[in-house]
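Subject: Handing over the structure

Hi,

Here is the structure I promised to pass on. Have a look at it first, and then read my notes below.

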Amino acid sequence: MAVFVCPRCAHRVAGAERAEGHQPRGCPKCGFGFVFEMMDDYYAGPLTALICCDRQRRVLVAGHSATPITGWPDGDLIGCEVAEALGLGFPGAADDPIARSLEWGVRVLQEPCTFRPYGVDEDRPAVADIFPAYDDDGGLLLALTPGMKE
Ligand SMILES: [Zn+2]
C-alpha cells in the first residue's frame, strides 16, 4: 500500500500505487488538488516545511509550514529555483543531494543542511528529506525541518 502526503496540510492518505492506478485524486482533508506519492510512510512534523518542485527545481507548491519556516510570503516562492531561493547548503554532502535525487530517482533522508530564511542575514541549521516524484512529470518534494540532526 502506497502512502501519499498532501503537500499543503501534510495529511497522509493510503492508496494504491500510482502505477496501479486509482491513486487519490486530491487531499480528502483540505481539498488540495494533488497528493505526493511516497515509497514508505512519512510523517511530517508540525515544523517541517513541505515544498514541491518540478524537474527544473522550480517551486510548484510552497505547502505545509513553508511560510513560517522559510519566511517567504505566501506564493512568492512559486517559480523560484528552490536551492537558490532558500539559500540551501549541504556542507556534509559530497554532491548536490537535490541533483542526486532528481537524476537517480532516490530518496535522500536526514541530510544536514543550512538555509537562509527570507529577509534574514544568517544561515540556519536544518535537516532535509528529499523525495523524488514517481509521476511522469518528475520533480521532487523537499521536507525541510529546522534544527540540528538528532
Ligand atoms: Zn491536505
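What follows is a short tour of what turned up. One thing to keep in mind throughout: this is a predicted model.

**The zinc site**

I'd start with the metal. The zinc ion has four protein donors, the SG atoms of Cys-6, Cys-9, Cys-27 and Cys-30, lying 2.3 Å from it. Along the chain, these donor residues follow the spacing C-x2-C-x17-C-x2-C. Cys-9 and Cys-30 are 21 residues apart and link distant parts of the chain: Cys-9 is in the loop between strand E1 (2-5) and strand E2 (12-15), while Cys-30 is in the loop between E2 and strand E3 (36-38).

What is the geometry around the zinc ion? The angles between the four donor atoms run from 106 to 113°, so the arrangement is tetrahedral. For reference, the ideal angle for four tetrahedral donors is 109.5 degrees.

Are these two cysteines buried or exposed? Neither label quite fits: Cys-9 is partly exposed at 22% relative accessible area, and Cys-30 is also partly exposed, at 28%.

**The sheet next to those loops in sequence**

The strands E1, E2 and E3 form an open sheet, in the order E2-E1-E3, with antiparallel pairing. E2 and E3 are the edge strands with a single partner each, so one side of each has no neighbour in the sheet. From one strand to the next, the twist averages 35°. E1 and E3 are joined by three bridges, and Phe-4 sits opposite Glu-37 in E3.

**Strand E4 and its partners**

Next, scroll along to E4 (49-53). Five of its five residues are buried. That cover applies to both faces, with Ala-49, Ile-51 and Cys-53 on one side and Leu-50 and Cys-52 on the other. This split is a nice case of a general pattern: in a regular strand, side chains alternate between the two faces of the sheet.

E4 pairs with two strands that I looked at. With strand E8 (residues 140-146), there are five bridges and the strands run antiparallel; here Cys-53 stands opposite Leu-140. With E5, there are three bridges, again in the antiparallel sense, and Cys-52 has Val-61 as its bridge partner.

**Arg-57**

The hairpin of E4 and E5 has five residues between the strands, and within it Arg-57 takes a positive phi near 65°. Is Arg-57 buried or exposed? With a relative accessible area of 17%, Arg-57 is buried, because the cut-off is under 20%. Its side chain makes a polar contact of 2.6 Å with the side chain of Glu-81. Beyond its sequence neighbours, Arg-57 touches several residues, among them Cys-80, Val-82, Asp-96, Ile-98 and Leu-102.

**Asp-129**

The last stop is Asp-129, which is found in strand E7 (residues 124-132). Asp-129 is buried, with 4% relative accessibility. Which side chain does Asp-129 meet in a polar contact? The partner is Tyr-42, at 3.2 Å. Leaving out residues up to four places away in sequence, Asp-129 also touches others, including Val-108, Leu-109, Gln-110, Leu-141 and Ala-143. Pro-112 is 17 residues from Asp-129 in sequence, and their C-alpha atoms are 9.2 Å apart.

That's the tour. Over to you!

Cheers

Definitions and conventions: Residues are numbered from 1 along each chain as its sequence is written. This is a predicted model: local features need pLDDT of at least 70, side-chain atom pairs count only at pLDDT 80 or more; totals for chains, interfaces and linings use all residues. Side-chain values use heavy atoms; hydrogens and water are left out. Donors are N, O and S atoms within 2.8 Å of the metal (3.2 Å for Na, K and Ca); water is not among the atoms, so sites may look incomplete. Four donors count as tetrahedral if all angles lie between 85 and 135 degrees; four count as square planar and six as octahedral if opposite donors are over 155 degrees apart and all others between 65 and 115; anything else is irregular. Helices (H or I, at least four residues) and strands (E, at least two) are DSSP runs, numbered from the N terminus. Buried means under 20% relative accessible area, exposed over 50%, partly exposed in between (1.4 Å probe, protein chains only). Two strands pair if DSSP finds at least two bridges between them. Axes are lines fitted to C-alpha atoms, for helices over the stretch in contact, and angles run from 0 to 180 degrees between N-to-C directions. A polar contact is a pair of N or O atoms within 3.5 Å; within protein, one must be able to donate a hydrogen and the other to accept it, and residues adjacent in sequence count only if both atoms are side-chain atoms. Contact means heavy atoms within 4.5 Å.
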